[in-house]
Amino acid sequence: MKGVSCIITAAGKNRRMRKDLQNKGMEIKHKLLLEIKEDPIINLTIKKALTTTINECIVVLGHFMEELCPVLKIINDEKLRIIENSDVNVELSQTLLNGVVNSKYDYCLCLAGDQPTVTRRTMQNLIDQLMESPNPENTVTILSRGETGYLNNALGLGMPFACHSSLLKDYLNGEEDNLNPILRRMVAEGVIFYAIPEQNDLELVNINKYDDYLLVKEKINFNLRKF
């Protein structure tokens, strides 16, 4: 069906944040439940995605789903759908594939739940650039981490990105891996990659440790209108 499904992965083990909090002698908490402007990180990411031109937003849960699910249900939007991995012990590739095969629309905007730093403008730019590309069924638009424009490699790249759902079904099927090796194979086999520039440096920050969270929280609180 013509349209865009946003797929947000939120099924990980939270390993690095848990270890960091433990080393700091702090209460163990899932990073997606840490709050920015009174919103859990996962909800901030979802709400931002819902302001774009997507037709549905699928959140894929796995580990800690019993903690995350009640928080997600606070969001009252008919576009939001929550699904679960049948086996929680899978790699990111299979979590993303689970979202794709349950999606209703032809195109996918793929985000990680811990990416509240990605601006609404970037999310929309990924969608718009894909739709305006000469061959959207064989194109991936992706947030740059260096070079912009057409790329000849995908080294170091991952979410967020947008592409046709058929590409993900083809390349994720049977894979148990992180995304970068799969993206590199896509480039090698002729899939077109187009990188859009970041809106600010914070979009490139990954929230893996508590200090990452504090940095993101401070910057977003200070520059709320930019996010």
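**Figure 1. Who lines the largest pocket of this predicted model.** β1, α1 (15-23), α4 and α7 (179-188) each put at least two residues into the lining of the largest pocket. The biggest giver is α1, with 3 residues. The space inside comes to about 1,100 Å³. The lining counts 34 residues, and those closest to the pocket's centre are G12, R16, K31, L92 and N178.

**Figure 2. A look at N178, one of the residues closest to the centre of the largest pocket.** N178 belongs to the loop between α6 (165-172) and α7. Is N178 buried, partly exposed or exposed? With a relative accessibility of 46%, N178 falls in the partly exposed class, since that class runs from 20% to 50%. For a sense of distance, pick N135, which is 43 residues away along the chain: the two C-alpha atoms sit 26 Å apart.

**Figure 3. Helix α1, with its buried and exposed residues.** On the buried side of α1 we find M17, D20 and L21. Looking down the helix axis, these residues fit within an arc of 95 degrees, so they line one face of α1. Their packing partner is α8 (210-222). Flip to the face turned away from that buried side and you meet R15, K19, Q22 and N23, which are exposed. After the helix comes G25, with a positive phi near 70 degrees.

**Figure 4. Two non-glycine residues with positive phi, N14 and F64.** N14 isn't a glycine, yet its phi is positive at about 60 degrees. N14 sits in the loop between β1 and α1. N14 counts as buried because its relative accessible area is 8%, and the cut-off for buried is under 20%. The other residue here is F64, also not a glycine, with a positive phi near 60 degrees. Look for F64 in the loop between β4 and α3.

**Figure 5. The open sheet, strand by strand.** Eight strands make up this open sheet, in the order β5-β4-β1-β6-β9-β7-β10-β8, and the pairing is mixed. Which strands stand at the edges? They are β5 (80-84) and β8 (149-151); each has a single partner strand, so one side of each goes without a neighbour in the sheet. On average, neighbouring strands here are turned by 25 degrees against each other, ignoring direction. For a parallel pair, zoom in on β7 (residues 139-143) and β10 (residues 192-196), which are joined by 5 bridges. Within that pair, I142 faces A195 of β10.

**Figure 6. β6 and its two neighbours, β1 and β9.** How many of the residues of β6 are buried? The count is 6 of 6, so to speak a mostly covered strand. Side chains in a regular strand alternate between the two faces of the sheet. In β6, Y107, L109 and L111 point one way while C108, C110 and A112 point the other, and all of them are buried. With β1, the pairing is parallel and takes 6 bridges; C6 has L109 of β6 as its bridge partner. With β9, β6 runs antiparallel, joined by 4 bridges. There, C110 is opposite F161 of β9.

**Figure 7. Helices α3 and α4 lying across strands of the sheet.** Helix α3 (residues 65-72) lies across β1 (4-10), β4 (56-61) and β5, at about 155 degrees to β4. Helix α4 (residues 92-101) crosses β1, β4, β5, β6 (107-112) and β9 (161-164), running at about 145 degrees to β1. Back on α3, the buried residues are M65, L68, C69, V71 and L72. Viewed down the axis of α3, they fall within an arc of 165 degrees, so they line one face of the helix. Their cover includes β1, β3 (39-40), α2 (41-50), β4 and β5.

**Figure 8. A cis peptide bond between M159 and P160.** Zoom in on the bond joining M159 to P160: this peptide is cis, with omega at about 10 degrees. P160 itself belongs to the loop between β8 and β9.

Note on methods. Residues are numbered from 1 along each chain as its sequence is written. This is a predicted model: local features need pLDDT of at least 70, side-chain atom pairs count only at pLDDT 80 or more; totals for chains, interfaces and linings use all residues. Side-chain values use heavy atoms; hydrogens and water are left out. Two strands pair if DSSP finds at least two bridges between them. Axes are lines fitted to C-alpha atoms, for helices over the stretch in contact, and angles run from 0 to 180 degrees between N-to-C directions. Contact means heavy atoms within 4.5 Å. Buried means under 20% relative accessible area, exposed over 50%, partly exposed in between (1.4 Å probe, protein chains only). The arc is that of the directions from the helix axis to the C-beta atoms. On a 1 Å grid over the protein atoms alone, a cavity is a set of points where a 1.4 Å probe fits but cannot get out, and a pocket is an open set with protein on both sides within 12 Å along at least five of seven lines; lining residues have an atom within 4 Å of a point. Grid points are joined across faces, edges and corners, and a volume is the space filled by probe spheres set on the points.
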